[in-house]
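Colleague: I would like a close look at one part of this model. Please take me through it step by step.

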Amino acid sequence: MILITGGMGYIGSHTCVALAGAAHELLILDNLSNSRIDVVNRLETLCGKRPGFVEGDVRDPVVLGEIFERHPITTVMHFAGFKAVGESVERPLEYYDNNVNGTLQLLAAMRRASVRTFVFSSSATVYGDPASVPIRENSPRSATNPYGRSKLIIEDILADLHCAEPEWNIPRLRYFNPVGAHESGLIGEEPRGLPNNLMPFIGEVAIGKREFLNIWGADYPTHDGTGVRDYIHVTDLAEGHVAALNYLNQNGGLITINLGTGKGYSVLDMVQAFERTIHCPIPYEFGPRRAGDIAQCWADPSLAYELLGWKAQKGLEQMCSDTWRWQQQCRQLNI
Ligand code: WQD
């Protein structure tokens with residue numbers, strides 16, 4: 001059985017669907033701080049059976065102890081964490097407590113239960129402002145904000161743990177920019193309030209919830225002056241976790257893998273792709289650069305293919321069409 005912390009969230013829920021598709025038994029632990037309880041009903045539909053669900057916090061050793069006592073957990077996939085860059089600058093203590101302390105509590109509970117397979121949700125943000133692109137796993141790391149630093153600290157905790165106790169199996173999966181939604185339109189990203197990220201914001205402009213998109217900076221050293229990122233469909237990202245588990249069936253150890261497409265698209269590229277999808281203009285205005293933003297970031301995903309036999313399958317058009325379908329569904333679901 002796989003314990004999915006944060007399994008009611010955006011990436012966690014899509015990974016639950018992919019894992020169920022690979023016949024894994026699932027138990028979700030989520031404190032619902034950034035997700036809604038009815039996601040589990042929609043997961044029941046998509047997974048073919050209702051995943052187990054425990055409402056609780058990864059920082060609670062009592063909740064964790066009960067889970068490992070009552071369920072035959074063999075693997076933990078750890079998605080639970082705060083992830084907003086700007087918010088992390090305003091609330092560093094909360095970010096380090098939730099992200100770093102939460103992970104430490106989880107690892108301690110795993111060790112007490114002799115469960116030593118831990119899949120970590122890391123992020124391309126650990127590369128900071130890359131000196132060159134595409135980015136390989138051995139590229140230098142740095143942090144430009146507490147969110148990114150929490151991911152970097154946890155990566156180092158995991159490396160130290162594996163060095164002391166080599167029997168741990170630990171894939172550290174570095175996500176680039178997850179976007180899109182399950183093709184059913186039943187699950188997707190549910191940002192609370194003003195979306196931080198580009199794609200949900202474009203979707204809300206398209207649906208008429210927002211008047212226009214602010215494009216933060218048009219003077220970057222990129223092909224059109226706007227920021228370039230490696231956008232990856234969230235279901236491709238989810239399949240990357242299944243591939244990592246399959247790898248662990250044959251191999252153990254500590255591995256670090258980029259989960260990206262290897263393609264960089266600018267903000268204007270994304271706006272134009274979305275306009276082609278909905279056949280309507282997306283109004284936008286240029287604004288100043290956003291603090292902490294970098295010019296460009298995209299992956300060299302070759303190690304994921306070499307080690308896991310995985311590569312992203314879905315292109316920009318599907319990222320936009322699935323986002324659009326989900327945005328329309330949100331209006332129906334009153335999300
Ligand atoms: C993408 C581009 C913005 C919003 C962050 C985290 C990363 C991951 C994804 C968690 C940039 C521009 C954005 C807007 C804009 N999070 N933009 N107007 O900052 O690359 O990555 O989110 O896992 O770890 O660092 O993503 O979508 O916020 O920004 O112009 O309203 O879109 O300047 O160039 P980012 P993003």
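Colleague: Which residue in β3 is the bridge partner of Ile28? Please start there and then work outwards.

Modeller: The bridge partner of Ile28 in β3 is Phe53. Keep in mind that this is a predicted model.

Start with the two strands. Strand β2 covers residues 26-30. Four bridges join β2 to β3, and the two strands run parallel.

Now widen the view. β2 and β3 belong to an open sheet of seven strands. Read across the sheet, and the order is β3-β2-β1-β4-β5-β6-β11. The pairing is parallel. β3, residues 52-55, is an edge strand, and so is β11, residues 254-259. Each of these two pairs on one side only. Neighbouring strands in this sheet are turned by 20° against each other on average, with direction ignored. Strands of a sheet pair through backbone hydrogen bonds.

A helix packs on this sheet. It is α3, residues 61-70. Helix α3 touches β1 (2-5), β2, β3 and β4 (75-78). The direction of α3 makes about 175° with that of β2. Angles over 145 degrees count as roughly antiparallel, so α3 is roughly antiparallel to β2.

Next, follow the chain to the loop between α3 and β4. Ile73 is found there. Is Ile73 buried or exposed? Its relative accessibility is 7%, so Ile73 counts as buried. The cut-off for buried is under 20%. Which residues does Ile73 touch, leaving aside neighbours within four places in sequence? They are Met1, Leu3, Leu27, Ile67, Phe68 and Val115. Take Leu27 from that list. Ile73 and Leu27 are 46 residues apart in sequence. In space, their C-alpha atoms are 8.4 Å apart. Leu27 lies within β2, residues 26-30, and Ile67 and Phe68 lie within α3, residues 61-70. Leu3 falls within β1, residues 2-5. That brings the loop residue back to the strands and the helix we began with.

Go back to β2 and look at the loop that links it to α2 (39-47). Leu32 lies in that loop. The phi of Leu32 is near 60°. That is a positive value in a residue other than glycine. Leu32 has 17% relative accessibility, so it counts as buried.

Compare a loop that leads into another strand of the sheet. Ser114 is found between α5 (92-112) and β5. Ser114 also has a positive phi, about 55°, although it is not a glycine. Ser114 has a relative accessible area of 53%, so Ser114 is exposed. Leu32, by contrast, is buried.

One last stop lies in the loop on the other side of β5. β5 covers residues 118-123, and the loop runs from there to α6 (146-164). Pro134 lies in this loop. The peptide bond from Val133 to Pro134 is cis, with omega near 0°.

Put the part together. Ile28 and Phe53 are bridge partners. Their strands, β2 and β3, run parallel. α3 packs on the sheet, and buried Ile73 sits in the loop that follows α3 on the way to β4.

Terms used. Residues are numbered from 1 along each chain as its sequence is written. This is a predicted model: local features need pLDDT of at least 70, side-chain atom pairs count only at pLDDT 80 or more; totals for chains, interfaces and linings use all residues. Side-chain values use heavy atoms; hydrogens and water are left out. Two strands pair if DSSP finds at least two bridges between them. Axes are lines fitted to C-alpha atoms, for helices over the stretch in contact, and angles run from 0 to 180 degrees between N-to-C directions. Contact means heavy atoms within 4.5 Å. Buried means under 20% relative accessible area, exposed over 50%, partly exposed in between (1.4 Å probe, protein chains only).
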